[in-house]
Structures are given as C-alpha cells and as structure tokens.
Amino acid sequence: QVQLVESGGGLVQAGGSLRLSCVASGLTLSSYTMGWFRQTPGKERECVAFITWSAGETGYADPVKGRFTVSRDSAKNTVYLQMNSLKPEGPTVYYCAGRRIGDGPTYNYWGQGTQVTVSS
C-alpha cells in the first residue's frame, strides 16, 4: 500500500523558513518523480517543485525559484521542501505527490497535505 505522509507545516512570519518532509512507503522510489504542490482556497493547485529520485534532477515554479529547495534522502525514503524567505500567504496546503517515470505527467499518489500559513 502506497503512503505519502507530509509534516512540517505551521505558522511562520514572512521572511522566515520552514522545512516540509514527506515520508514515502510502498513505492520503488528510484522509479519515481516526487513533486510538491500547494493549494490555497479558491485557487488551483500548483506544482512548486519536483525531483527525480534516481537522478536527483529538480525543477521549480518561477514564484519559488531561489527560495525553495527540494531534496531527498534515500536512506529515509523522505523528500524535503526547504522553504526560505517565505512570503505572506493565507492558509495553504502543501502536498507531496509521486508519479512513476514513463507513465506520463499525472501524479498518481498523494499525501494528505500539511498546512502552511505565512503571516505578514
């Protein structure tokens, strides 16, 4: 059974940092790309970063480039999202997701999300 469990969300002031974690189980992670998404109420969910597990290739959405860093720890089956210089935003849920490389662009597995609020 596939499980993705996020943690690390919370309330932080603008300019601060948070590190989100996502522990994955039930996946052969070397065959997967792991993504971090976020969704604010009333807005569409957007991908902010991704990493290919085996090669470690990363990509970022323009709004977070230079501020967010995605990484993984194979020994812990964990993918991280380090978020620095956070900008004010209302309650936003960050999700971890996985898609098997070669199966197309759709992420098939999702975590339950962790909420982040950045106060001004």
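Me: Setting aside residues up to four places away in sequence, which residues does N108 touch?
Reply: Keep in mind that this is a predicted model. N108 sits in the loop between strand 9 (89–100) and strand 10 (109–110). Once residues up to four places away in sequence are left out, the residues it touches are G98 and R99.

Me: And is N108 buried, partly exposed or exposed?
Reply: Buried would need a relative accessible area under 20%, and exposed would need over 50%. N108 comes out at 44%, so the label is partly exposed.

Me: How far apart are the C-alpha atoms of N108 and A61?
Reply: Along the chain, N108 and A61 are 47 residues apart. In space, their C-alpha atoms are separated by 20 Å.

Me: Let's zoom out. What is the order of elements from the N terminus on?
Reply: The chain has 0 helices and 11 strands. Reading from the N terminus, that gives β-β-β-β-β-β-β-β-β-β-β.

Me: What is the radius of gyration of the chain, and how does it sit against the globule rule?
Reply: The C-alpha trace spans about 40 × 25 × 25 Å along its principal axes. For 120 residues the globule rule gives 14 Å, and the chain is close to that, so it is as compact as a globular protein of that length. The radius of gyration itself is 14 Å.

Me: What share of the contacts with a separation of 6 or more comes from residues 24 or more positions apart?
Reply: For background, 42% of the 120 residues count as buried. The accessible surface comes to about 6200 Å², with 45% of it belonging to carbon and sulfur atoms. As for the contacts with a separation of 6 or more, residues 24 or more positions apart account for 55%.

Me: Now the open sheet: which strands stand at the edges?
Reply: 4 strands form this sheet in the order 1-3-8-7, with antiparallel pairing. An edge strand has a single partner, so one side of it is left without a neighbour in the sheet. That applies to strand 1 (3–7) and strand 7 (68–73).

Me: By how many degrees are neighbouring strands of this sheet turned against each other on average?
Reply: We're talking about the open sheet with the order 1-3-8-7. With direction ignored, the average turn between its neighbouring strands is 15 degrees.

Me: Which residue in strand 8 stands opposite V70?
Reply: Strand 7 and strand 8 (residues 78–83) run antiparallel and are joined by 6 bridges. Opposite V70, strand 8 places L81.

Me: What is phi of N77, in the loop between strand 7 and strand 8?
Reply: N77 is found in that loop, and its relative accessible area of 32% makes it partly exposed. Its phi is positive although the residue is something other than glycine. The value is near 50 degrees.

Me: Where is S85 found?
Reply: S85 is another residue other than glycine with a positive phi, near 50 degrees. With a relative accessible area of 42%, S85 is partly exposed. Its place is the loop between strand 8 and strand 9.

Me: Last one, on S21: which residues is it in contact with, leaving aside neighbours within four places in sequence?
Reply: S21 is found in strand 3 (residues 18–25). At 14% relative accessible area it falls under the 20% cut-off, so S21 is buried. Its contacts beyond those neighbours are V5, E6, S7, W36, T78, V79 and Y80.

Definitions and conventions
Residues numbered from 1 in each chain as written. Predicted model: local features only at pLDDT ≥ 70, side-chain atom pairs only at ≥ 80, totals over all residues. Heavy atoms only, no water. Pairing = 2+ DSSP bridges. Helix = DSSP H or I, 4+ residues; strand = E, 2+ residues; numbered from the N terminus. Axes fitted to C-alpha atoms, helices over the stretch in contact; angles between N-to-C directions. Buried < 20%, exposed > 50% of the residue type's maximum accessible area, 1.4 Å probe, protein only. Contact = heavy atoms within 4.5 Å. Rg over C-alpha atoms; globule rule 2.2 N^0.38 Å. Areas by Shrake-Rupley, 256 points an atom, 1.4 Å probe, with all protein chains shown as cover.
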